[in-house]
Amino acid sequence: MICLVSISCDDLINVEPRNQIAPDAALADAASYEALVISIYDRLQTFTYWGRDMSLLGETLADNAFVVTSQASGRYTGTIRNTRNSHFNIWTTAYAAINECNTVIATIDDIDDPDQAKKDQLKGEALFLRALVYFDLARIYGYEPTKVPTTGPGAGWDKSVILRTEPVREAADAALQTRATQTEVYGQIEQDLINAGRLLPKDNEMTVFRANKGAAYALLGKIYLYWEKWDKAVVNFDSALNNTSASLMQAGDYATGFKSIPNDESFFEINFIQSVEVAGVEGVNNSAFSYTQPTGTNPLKLSTYGGMTPSAELLALYEPNDDRKGIFYVSASSTSNGVTYTWSNKYAGAGGVYTDNIKVIRLADVLLMKAEALAMLGDYSGAADLVTELRTQRNATAPVPQDASIIDFIAQERRRELFFEGSHRWFDLKRRGQPITKAAATAVGTIAYDDYRLLAPIPNAEVILNPEGLPQNPNY
Amino acid sequence: MKRILLCLTALCLLIAGELRAQERTVSGRVTSSEDGSPLPGVNVLVKGTTQGVVTDVNGDYKLSVPQEGGILVFSFIGLKSQEIAVGSRTTLDVPMSTDITQLSEVIVTGYSTQEKREVTGSISSVKGDVIENLPMQTFDRAIQGRAAGVQVVSGGGQPGGGVTVNIRGTGTINGTAQPLYIVDGVQVNSGGTFSSVSTSNPLSAINPADIQSIEILKDAAAGAIYGALAGNGVVIITTKRGKAGKTKLKFAGQYGISEQYNPYEVLNATQWLGLKMEAYGNAEQRAGGSYADGVATALNDFGVDDPNGPIPSYNWVDAILRTGKTQQYDLSLSGGDEKTRFFISGSYNNVGGTVIQSNFKRGTLRANLDHRLSKVFSMETSLGLTGSDTQGPSVNSGFFTNGAFTGGLFTPPINPIYNEDGTFNQDLINTSMNVVQLLNQELRRAGAFQTVSNLAFNADVLPGLRLRAFGGIDFADVKDYNYRPSSITAYAPGTGSETFRRFINWNTNYTANYNKKFNEVHNFGIIGGFEYRHVANTTLGAATQGFASPSYRLLSSGATPTSATSTFTSYKLAGFFANAKYDFKDKYLVSATIRYDGSSRFGANYKWGTFYGASAGWRLKAEDFLSSVNFLDDLKIRASYGVVGVQPNGTQSNGDFLSLGLYGNGGQYVGKPGSRPTQLANPDLTWEQSATINLGLDYSFFGGRIFGAVDFWKKNNTQLLLQRQLPIDSGFGSIFENAGEVENKGIDFDINTVNIETSGFKWTTNFNIGFQKNELVSLNGGLKTSTVNSVRYDVGEPLGVIYTYEYAGVNPADGRPMFYDKNNNITYNPTTTDQRVVGNNVPDFFGGFSNNFSYKGLSLEVFFNYQYGNESSIQTAQVLEASGMFNDNQVTSQLGRWTRPGQITGIPRAFEGGAEPGGFDPTNFSSRYVQTASYIRLKQITLSYQLPSSLIQRLKMSNVNVFVQAINLATFTNFRGDDPELALNNNLNQYPNPRQITGGVTIEF
């Protein structure tokens, strides 16, 4: 007895995934590319990136903040003391976003979709986002091109980050690479923003929640400011101002202005929808609101892990009538047994419980950056006019210097205006090569510019995988 | 090759009908030599022929024998087989006795059974009566320490919770490390948890009291018949079936209590405040202020006027714990006649956990039926139905304030639990959630309905040839429910989520099995077949937020939907298999197996794989030169080699689709959907292979007074399903490929002794131990180390290394924590490159040790299990042992922190906020928080008393047994962490296994 069985065996054991799809199906037309661009914005929302840390963490590393450990439940208690490894950690999120940018930039022109305007817009957005992410990587993990220290462990350290501009589509594309120099990375960012400015529509055709022409020029101006190319910075800030519908918050409006969505001044603002992006315990665990508001006694009566307060040194910078003081309030928390602290109400839950939009680029910042570039070019009165324009809308009346001292004055004005936003203070001190005089209450003292902690550590596993191409930053 | 043509050739067997000689009839009754009761179901065979019958309900048989009589062979599971020459007799009554040498014990080996004497692979067996009355909800827990080389790690004390079982070490990194479980032929889902809101063990579908036996196929040769699924061994569960004879009714009930095992003694408010004052003072002093100012700030912050006055203290640990109550009832009915046999059972469990609100309830029903339709055809079915409901706290590991144990242990004792008006206090220092309120008000629930059922048809077409068709299903519907009311402010505005999970898993197989003995000496058996399995899991879930009142608890009451999810994972397997075995005179035994398996989970060109195993045994006792050695009952040496497969771990995301390049969910922004690349393709991805060589010895001496087995084994997993670490700057962390090798080797040793046996008194001992050594031999492309998903791998080290900073203690001069740098110099501030391997999770050996004492009807079992030589991190200690540097409550050891120059202590001085400027936070993970987790645990003591038969027969009962037992009564360990049994790396918020004491009764009619 012989039995013969013939079966089409591979058909028996075939299963297609349903939650995920093949890459060519996922990138078929402009609409599917838009979904990929949306993913990049989604990555920006990550709390350890623009969702929170890019706004707040640098403030704790620098001098604008003091973290009350008894209220903070461990949040930012290491960064406030600048302990080793307490630093930004955006490596994973940033490079995932960059690969998606690279995919859009390298392949969107190949698809067969007649909507050229849409394709241009999406490519422009990807270029802007790639530039933004590389800029963040470059300034977190490396020195600015003109500010490499000559002393200390980082003397002569011209290494920036790994520069990839081609998408990784298969394993072979992921070969190890070498850290580029600061100039190479800045050059790439410059190129991307020039192209983005050309391709992107204005914010009135888009929304400030997505990349737009004005934001691209503003960011390009900022790159030049970090690169100390003052004249190019001024030119691009002017282009930014000519391509935006942003307007200054008016006198008396500062404190309430942060509750409007979007902010009047925004060039580019990251939007959050509470019900899907800050739902569940996300808010209490991770939001900027939770980190900066007192638990229980905040305006929304929510539980928080609020330990981050403005430092006494920051509060001392305001003149009595300055509108911006109105955003601070003094309160005990429900667990501080009557002990009061001063809190910032910049993150007030404007978008729902624990939810606030994050301002990446706004007008006051652009005006002050332009003023700084002018001052560096010696145009002190031009700079003073811009600073005065801003201060008038803040009811700050002290006179603005008309000489070289305006440069330091602008740095202070940036603290007064932009504290708890964009980690501006940390990056401003770093790009200007200045030491950090920590809040006295932290007991840390002064951190010299050539201290190794000016740079963030690269994730150790990456260094071990790629010791030749990706040496660790000094002293980590 | 897209299509494969496969031929299955069954041997064409020509069996010559034997000419029947003149015959006559012999009849008789088979009884138990112990109590004289009739034995139904005993096989009676005329030796050398296929002529045979089975005894009936009364133990009677009637059989044609050759005129000259011949020899009758009487055999039955668990009884000593007998061969008796009929001679001229026409009636032959036979008393049969229990086989203490276990040689005729029947072992289920996959698609067939073997007598233990014939087995040449490495198989451990646990009988149902060992686990029958344990107050454990799943059998995987119950086999802990019962089988050499089988490491059982319970997932914690949540009733009905998950368990991991490692047979002969872990050889895989991303493949499934769990054995294949087969319940009455159905390949069931196992491992992990059914639910995301609480831990829920898929194997809870099976009531342990229904189990007849558990066989554990440990080596590749034994498992090869399951080919690609057998890489981590196979656990075969056989449930009880009816026996012909009088219907038996059995009832068992027990009731008990359980109490939490908690190794942590935490501070009271006065002690805690003392540390805080010191921490503030030291920090203030360091900042240039005065110590007294720091102390004043502390008193201010914590609202204490007089630190020397009485400070109210609140015990949060006690507040989350309670005495758990266990109830368990089993009822079964079994019996039948020669044609139809049945086993029907029902059970109910209600186990209250030791954490408030944690609970497990289950009801099971089972009907196992066997029916012989005709001389040729027979059928079997097993129908099981289980409904269970698990309610419990979040057992997610991690620093979650909403974890029962993290909450209970860490909340500072100065926080009142309740406000003066009796409501929950939600204004708490150091945490946003009142864990007692959380446990009471948050609902976390998983309800499951499961069935593991099958139906099989057999056709005995020729003597010795059986054809069998089998179909089985393991189906489960699980509903997760999680409701977080807005009365808990951190959960504002109140959220609810529900998830339905459906698990469909069916398999079917068709086998032909032929056994024949030629010329009295050549015993030959062959089995061949085809099997198909299909697994599909789907989930459907939604969440809403914003409830008008905490009393509304259904999703539709929520104001805003926040998420909707649906997921699908599935795989299919097909396999062809054959096994041939042969023995000569019961003396030389060989067996060979081959299986050709295909899986949907692998790359387009690599879906199919061939697996095989071969084994041989030599029964020395059957040799003439040993036949006269009387003290030796049996001695057999065994050798085997086999290569089987390891599948991807299905519980990891994409586990079913690892070879594909994929795009998936890319979040959302401004209300638009995102899509993003999630995985790079590897069309060459294929099976991980596990090759085991096993050398074993089975022994039995002195009429069964000493018996057991010893096995030496080596298992090499090659072409591992290994994530090759990609540079993160590529946008991907890793890609799956086949690379690398892990070697496990070890010795399994098992010995059973009857130490004393006098009239009435008996003392027996079982001891088993498994030694093992694990080593990562190679990684992808010659890498020496790799870190994937934050897990570190080092070539030359075991899997599960602990890689971190080495703690050097406290500088007696200033109280600051010190570490070793890479040159072994002392540093205050180590760098990442100073990290090193400080331990690993692999035990050197583990096992179990049990003693049974019986006198008349009274018996006592004392069972220990143990494990030695594994290190574990203690994450909880990172919080509880922090010298009061943060606000979390501390363990009392922290009162020994450094306070004065010259003091020798391992505990740094208190310094508010952790790291001193220029220093390193001593609560960062380091070897300070790593400890060896060796232990011996008094796992079980059972005292039982069987009522005298004279008494119970008057009550019309056949057996009455009353018992009390204690589980986890005592643990001997130096480990200061939660529970040495749970000593794995990610162990924050663990629910340690409780102590349990139950008492009950078993009654048979």
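**Close-up views of chains A and B**

**View 1. Chain B as a whole.** For a chain of 1005 residues, a compact globule would have a radius of gyration near 30 Å, and the 31 Å of chain B agrees with that. Please keep in mind throughout that this is a predicted model. Along its principal axes, the C-alpha trace of chain B spans about 115 × 70 × 65 Å. The chain holds 11 helices and 49 strands, and 51% of its 1005 residues count as buried. Among contacts in chain B with a separation of 6 or more, 69% join residues that are 24 or more positions apart.

**View 2. The domains of chain B.** Here you can follow how chain B is divided up. Domain 1 covers 23–96 and domain 2 covers 106–249. Domain 3 is pieced together from 250–260, 321–800, 841–879 and 929–1004, while domain 4 combines 269–320 with 880–927. If you look for domain 1 and domain 4 of chain B, their C-alpha centres lie 81 Å apart.

**View 3. An open sheet in chain B.** In this view, 4 strands of chain B line up in the order β3-β2-β5-β6, with antiparallel pairing. Strands β3 (52–54) and β6 (82–85) of chain B stand at the edges; each has a single partner strand, so one side of each is left without a neighbour in the sheet. From one strand to the next, the twist averages 20°. Strand β2 (residues 43–46) of chain B pairs with strand β5 (residues 71–75) of chain B in the antiparallel sense over 4 bridges. To find your bearings, start at B:Asn43, whose bridge partner in β5(B) is B:Ser75.

**View 4. The hairpin of β30 and β31 in chain B.** Strand β30 (residues 662–669) and strand β31 (residues 672–679) of chain B are antiparallel partners, paired over 6 bridges. A handy landmark is B:Gly664, which stands opposite B:Arg676 in β31(B). The hairpin has 2 residues between the strands, and B:Val670 takes a positive phi near 40° in it.

**View 5. The loop around Ser549 of chain B.** B:Ser549 is found in the loop between β25 (522–547) and β26 (558–584) of chain B. B:Ser549 has 11 C-beta neighbours inside 10 Å and therefore counts as exposed. Look also for B:Pro485: this residue is 64 residues away from B:Ser549 along the chain, yet their C-alpha atoms are separated by 8.0 Å.

**View 6. Chain A on its own.** Chain A has 476 residues, for which a compact globule would have a radius of gyration near 23 Å; the value for chain A is 24 Å, which agrees. The C-alpha trace of chain A spans about 100 × 55 × 45 Å along its principal axes. Its secondary structure comes to 20 helices and 10 strands. In chain A, 58% of the 476 residues count as buried. Residues 24 or more positions apart make up 67% of the chain A contacts with a separation of 6 or more.

**View 7. Where chain A meets chain B.** Let us finish with the two chains together: 90 residues of chain A are in contact with 91 residues of chain B. On the chain A side, the helices that each supply at least two residues include α1 (9–12), α3 (30–44), α6 (91–107) and α20 (460–465). By residue type, the side of chain A that touches chain B divides into 47 nonpolar, 33 polar and 10 charged residues.

Conventions. Residues numbered from 1 in each chain as written. Chains lettered and ligands numbered in written order. Predicted model: local features only at pLDDT ≥ 70, side-chain atom pairs only at ≥ 80, totals over all residues. Contact = placed C-beta atoms within 7 Å. Nonpolar A, V, L, I, M, F, W, Y, C, P; charged D, E, K, R; others polar. Pairing = 2+ DSSP bridges. Axes fitted to C-alpha atoms, helices over the stretch in contact; angles between N-to-C directions. Rg over C-alpha atoms; globule rule 2.2 N^0.38 Å. Buried ≥ 20, exposed ≤ 12 C-beta atoms within 10 Å, placed from the backbone. Domains from an automatic or database assignment.
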